[in-house]
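Reader: I have the model open and would like to go through it with you. Could you take my questions as they come?

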Amino acid sequence: MEHIQHTPARVAKAPTRLLDGLQRWLPKLVVAPTFVLVGIGIYAFMIWTGVLSFTSSSFLPVYDFVGFDQYAKLMDNDRWLTASVNLGIFGGLFILCCLVIGVVLAIFLDQKIRQEGALRTIYLYPMALSMIVTGTVWKWILNPSLGLEKLMHDWGWSSFSFDWLVNSDMAIYTIVIAAVWQASGFVMALFLAGLRGVDSAIIRAARVDGASLPRIYWSIILPSLRPVFFSAVMVLAHIAIKSFDLVMAMTAGGPGYSTDLPAVFMYTHSFTRGQMGLGSASAMLMLGAILALLVPYLYSELRGKRHD
Amino acid sequence: MTERSHSGLRPSRIAIHAVLILAALVYLIPLFIMLITSFKTPMDIRTGNLMALPSEWTTLGWSKAWSEACTGVQCDGIRGYFWNSFKMTVPAVLISTLLGAFNGYVLSKWKFRGSDLFFGMLLFGCFVPFQVVLLPMAATLGKLGLANTTSGLVLVHVVYGVAFTTLFFRNYYVAIPDALVKAARLDGAGFFTIFFRILLPMSTPIFMVSLIWQFTQIWNDFLFGVVFASGDSQPITVALNNLVNTSTGVKEYNVDMAAAMIAALPTLVVYIVAGKYFIRGLTAGSIKG
Amino acid sequence: MSQLELRGIRKTYPGIAEETLKGIDIDIASGEFLILVGPSGCGKSTLLNTIAGLESITDGAIVLDGQDISTMEPKDRDIAMVFQSYALYPTMTVRENIAFGLKIRGLPKADIDREVARVADLLQISHLLDKKPSQLSGGQQQRVAMGRALARRPRIYLFDEPLSNLDAKLRVEMRTEIKKLHQRLGTTIVYVTHDQIEAMTLADRIAVLKDGELQQLGTPKEVYDTPANLFVAGFMGSPAMSFVPVTVARGERGPEAEVRGEDGRSLTLPLPDYLADRVGQRVILGIRPEHITQPQAQKQDSRLVATGAFTIEVTEPTGPDVIALIHLNDTPVHCRIDPEHPVTWGESAELMFDMKKVVFFDPETEQRIAPH
């Protein structure tokens with residue numbers, strides 16, 4: 001190069017040094033607010049709740065250590081028992097139905113359907129609604145006198161009776177129906193994305209080998225979507241354990257406490273019944289349940305990523 | 001070969017279409033019922049049935065829901081709460097998205113010792129059931145003088161939303177080659193210049209994802225609203241629930257449905273206008289997580 | 001034009017026990033085209049990044065024109081780099097891409113425009129200035145990436161495998177282009193590649209790296225003709241040099257060694273005189289394909305030429321030559337034969353061994369045995 005024009009950047013020395021020092025700290029400075037917010041808002045508060053669960057706190061926090069009293073009380077509490085059983089029923093059915101419906105819809109949509117975009121939009125819109133809205137609507141649809149029952153009677157099926165919403169044995173299933181309606185489209189979207197990621201050469205190769213389409217899906221494609229399956233279960237289980245809004249909107253835990261879920265139990269005892277210690281203990285058990293799911297999941301995820 | 005198998009599959013293709021269309025109807029019917037009920041008169045509701053169109057279309061339910069319906073003791077309709085939700089959602093969405101963008105930038109392009117651990121902490125934060133932080137948060141908001149205020153709710157939504165927004169941006173920026181940042185550093189650009197001049201102009205899609213996801217989440221939230229707000233500061237979801245579950249007086253289902261529609265409209269509109277980004281947000285959070 | 005010294009560069013990554021760079025010493029003269037070559041993971045890209053300041057060094061010093069720049073920020077080093085992925089800013093036009101570094105350094109608009117025009121002219125990309133990178137072909141993106149580096153008139157240019165994303169034909173074209181550019185501008189260039197042909201054709205000097213250690217530093221001819229050790233010998237050249245273990249014997253006219261073909265026939269190869277003191281020892285004979293050819297009358301008169309018949313196992317016509325495979329002492333050996341002189345696989349053919357340029361290695365140290 002004929003003449004080198006030295007750019008001015010190289011001239012300044014001392015101020016640059018100072019700026020460089022700042023530059024080095026900038027990344028940490030920028031994430032610091034989040035670090036503080038999350039450190040307190042999640043981790044410190046988690047510990048705080050843990051501490052409360054070992055106290056006899058009622059309306060106000062009292063820091064007297066009572067050991068596992070609250071947990072023992074919880075185990076003897078009928079309402080908590082009901083809530084746990086309900087979570088089992090609700091969670092199990094909810095996850096199962098969402099998976100079946102989601103997978104079937106995804107596979108069907110993957111068959112080069114012309115209106116795929118529109119259908120996908122329709123299947124997924126409930127996910128954009130608040131659970132309170134969903135609950136309100138389904139509460140109306142399942143209304144024992146004016147809802148579905150009346151519709152069937154009007155349409156000539158006069159013996160049809162549907163009183164699940166006010167039947168303490170069946171009310172939990174109405175919540176399953178509404179929740180599945182809301183979330184199954186999400187599973188569809190997950191699996192459709194997964195299906196689109198499958199190498200089409202595999203399908204062609206299997207066809208050349210003479211496999212039928214259902215067989216290809218069942219024994220080649222679905223097994224390859226295991227990771228999608230796991231993350232779907234993970235997210236659905238997470239929704240189930242946290243489920244609160246839907247119950248509040250549809251049954252508020254009733255009739256009686258027949259549709260209580262742990263989240264509802266925690267809310268009621270902590271904020272309306274003044275049993276903070278018991279509420280904290282129930283929250284800690286919910287955390288435990290999520291951890292029991294999360295730790296193996298994250299472990300397998302991270303182990304998988306190590307191999308990259 | 002392919003052609004023949006296609007024509008052979010004709011009946012099964014019809015079955016597939018039938019199932020898909022039936023499913024679409026099942027998903028749509030609740031919306032349809034909500035809509036027609038909201039335009040019915042109370043009389044119509046008692047005499048007609050769920051699927052019957054209104055014999056007389058009226059917006060009475062809508063106006064009553066908006067300005068007269070009782071949500072607990074007060075009977076001013078849900079309009080105040082509707083604006084509450086906006087006042088809470090807009091700042092919370094903007095702040096959490098902005099924080100998430102910067103965090104994602106640092107956690108992907110300016111890693112430091114411990115940054116991966118920090119990211120792991122955030123990731124875990126996405127999964128924690130909020131029940132476990134409710135009581136301490138309520139106490140803290142009280143101490144800060146933010147209990148039952150919109151600002152308090154904004155703070156809460158930022159704290160528990162920033163993990164998701166960080167995840168979005170971090171995963172987006174990780175896919176952008178590091179060489180771009182290196183090139184910019186050699187060109188003389190610093191931390192903020194690289195972000196604002198190089199990465200930000202490329203970030204429109206992920207900003208849309210984050211804004212829309214956060215908007216939907218925060219607008220639709222009920223738990224934080226019901227726990228941390230009371231009376232005048234409640235968001236729309238809490239007001240809707242109060243309205244629907246108020247045990248006083250005659251049930252007016254047209255008002256309930258109109259109120260539900262009002263509460264649902266903002267997120268529905270966002271979904272219809274920018275559904276693509278909403279779906280990306282949904283899948284990004286769970287697949288790449 | 002600037003001169004760069006790398007003094008004992010060491011680099012250790014936290015959590016990794018083995019050093020990535022184990023003390024690299026290279027002096028790069030002003031205007032020199034230095035190529036760092038080696039297999040992937042040898043540390044060549046890390047070395048380039050440390051020169052740029054994108055990675056810190058654990059020990060040693062980087063001295064540019066007499067000034068230690070080891071701890072300077074990349075922006076203050078006045079070094080430009082061309083990346084393998086080009087790293088063009090996707091949201092900026094070609095013009096903005098080239099101007100970005102100048103703008104940040106606060107040059108006046110008129111100067112920037114003039115500089116962009118000069119560079120665009122030099123690289124023949126003036127018609128692309130208002131396009132976005134995504135609208136360009138791979139070759140055009142490559143040119144823009146070089147333009148961005150040239151615009152700053154930095155003291156040193158770094159190239160990180162700049163041609164490896166191009167298809168074969170374009171790669172050869174751009175190689176010529178880069179060579180012309182260097183000859184015209186006389187800039188100091190440090191260029192990383194894993195392609196030994198690129199290294200041979202472009203470099204003033206080649207630095208061969210392996211496992212973070214400098215194996216050899218020399219002109220392409222030195223590295224090719226007198227490789228420092230077995231690794232360098234095997235790495236440079238295609239088809240690769242063949243290595244035949246032999247035992248040095250005393251012949252009537254000097255040292256010699258016997259090699260045996262697949263069919264049991266043997267040939268006594270004359271060895272250069274400097275191996276006289278290795279009589280009775282085993283050495284590794286490194287022979288390149290071009291040293292085993294069809295018999296050529298004009299070369300036969302030398303002492304260091306021998307001819308014998310061997311069974312041809314495979315033939316690979318490449319156009320200008322036919323590469324034939326034979327076995328010597330149970331080792332596969334490539335020969336380069338004139339296509340006009342047909343050989344058939346499975347049959348025996350007369351081959352001429354030109355031992356003048358053959359090199360020898362100590363089997364223990366793997367170092368080349370130097371003539372003395």
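Reader: Which residues of chain A does UniProt list for "domain: ABC transmembrane type-1"?

Author: The unreviewed UniProt entry lists residues 84-299 of chain A under that domain name. Please keep in mind throughout that this is a predicted model. Over residues 84-299 of chain A the chain is 73% helix and 0% strand, and the C-alpha atoms at the two ends are 26 Å apart.

Reader: And where does the "transmembrane region" annotation fall in chain A?

Author: According to the unreviewed UniProt entry, that annotation covers residues 29-51, 87-109, 121-141, 170-195, 216-241 and 276-299 of chain A. Among these, the span 170-195 is 96% helix and 0% strand in the model, with its end C-alpha atoms 36 Å apart. The span 276-299 of chain A is 100% helix and 0% strand, and its end C-alpha atoms lie 33 Å apart.

Reader: Let's switch to the contact between chain A and chain B. How many residues does it take from each?

Author: It takes 80 residues from chain A and 73 residues from chain B. On the chain B side, the element that gives the most is helix H14 (residues 253-288), with 16 residues.

Reader: What is the make-up of that chain B side by class?

Author: The side of chain B that touches chain A has 53 nonpolar residues, along with 18 polar and 2 charged ones.

Reader: Now chain C. Which peptide bond is cis there, the one leading to Pro239(C)?

Author: The bond from Ser238(C) to Pro239(C) is cis, with an omega near -5 degrees. Pro239(C) itself is found in the loop that runs between helix H9 (230-235) and strand E11 (242-247) of chain C.

Reader: What about the phi of Tyr86(C)?

Author: Tyr86(C) is not a glycine, and yet its phi is positive, at about 70 degrees. Its place is the loop between strand E6 (79-82) and helix H3 (94-104) of chain C.

Reader: Is Tyr86(C) buried or exposed, and why?

Author: Tyr86(C) counts as buried because it has 24 C-beta neighbours inside 10 Å, where the cut-off for buried is 20 or more.

Reader: And Glu161(C), what is its phi near?

Author: The phi of Glu161(C) is near 40 degrees, again a positive value in a residue other than glycine. Glu161(C) is found in the loop between strand E7 (156-160) and helix H6 (168-185) of chain C.

Reader: Why does Glu161(C) get the class it has, buried or exposed?

Author: Glu161(C) has 20 C-beta neighbours inside 10 Å, so it counts as buried.

Key
Residues numbered from 1 in each chain as written. Chains lettered and ligands numbered in written order. Predicted model: local features only at pLDDT ≥ 70, side-chain atom pairs only at ≥ 80, totals over all residues. UniProt positions renumbered as here; feature names shortened; annotations may be inferred. Helix = DSSP H or I, 4+ residues; strand = E, 2+ residues; numbered from the N terminus. Contact = placed C-beta atoms within 7 Å. Nonpolar A, V, L, I, M, F, W, Y, C, P; charged D, E, K, R; others polar. Buried ≥ 20, exposed ≤ 12 C-beta atoms within 10 Å, placed from the backbone.
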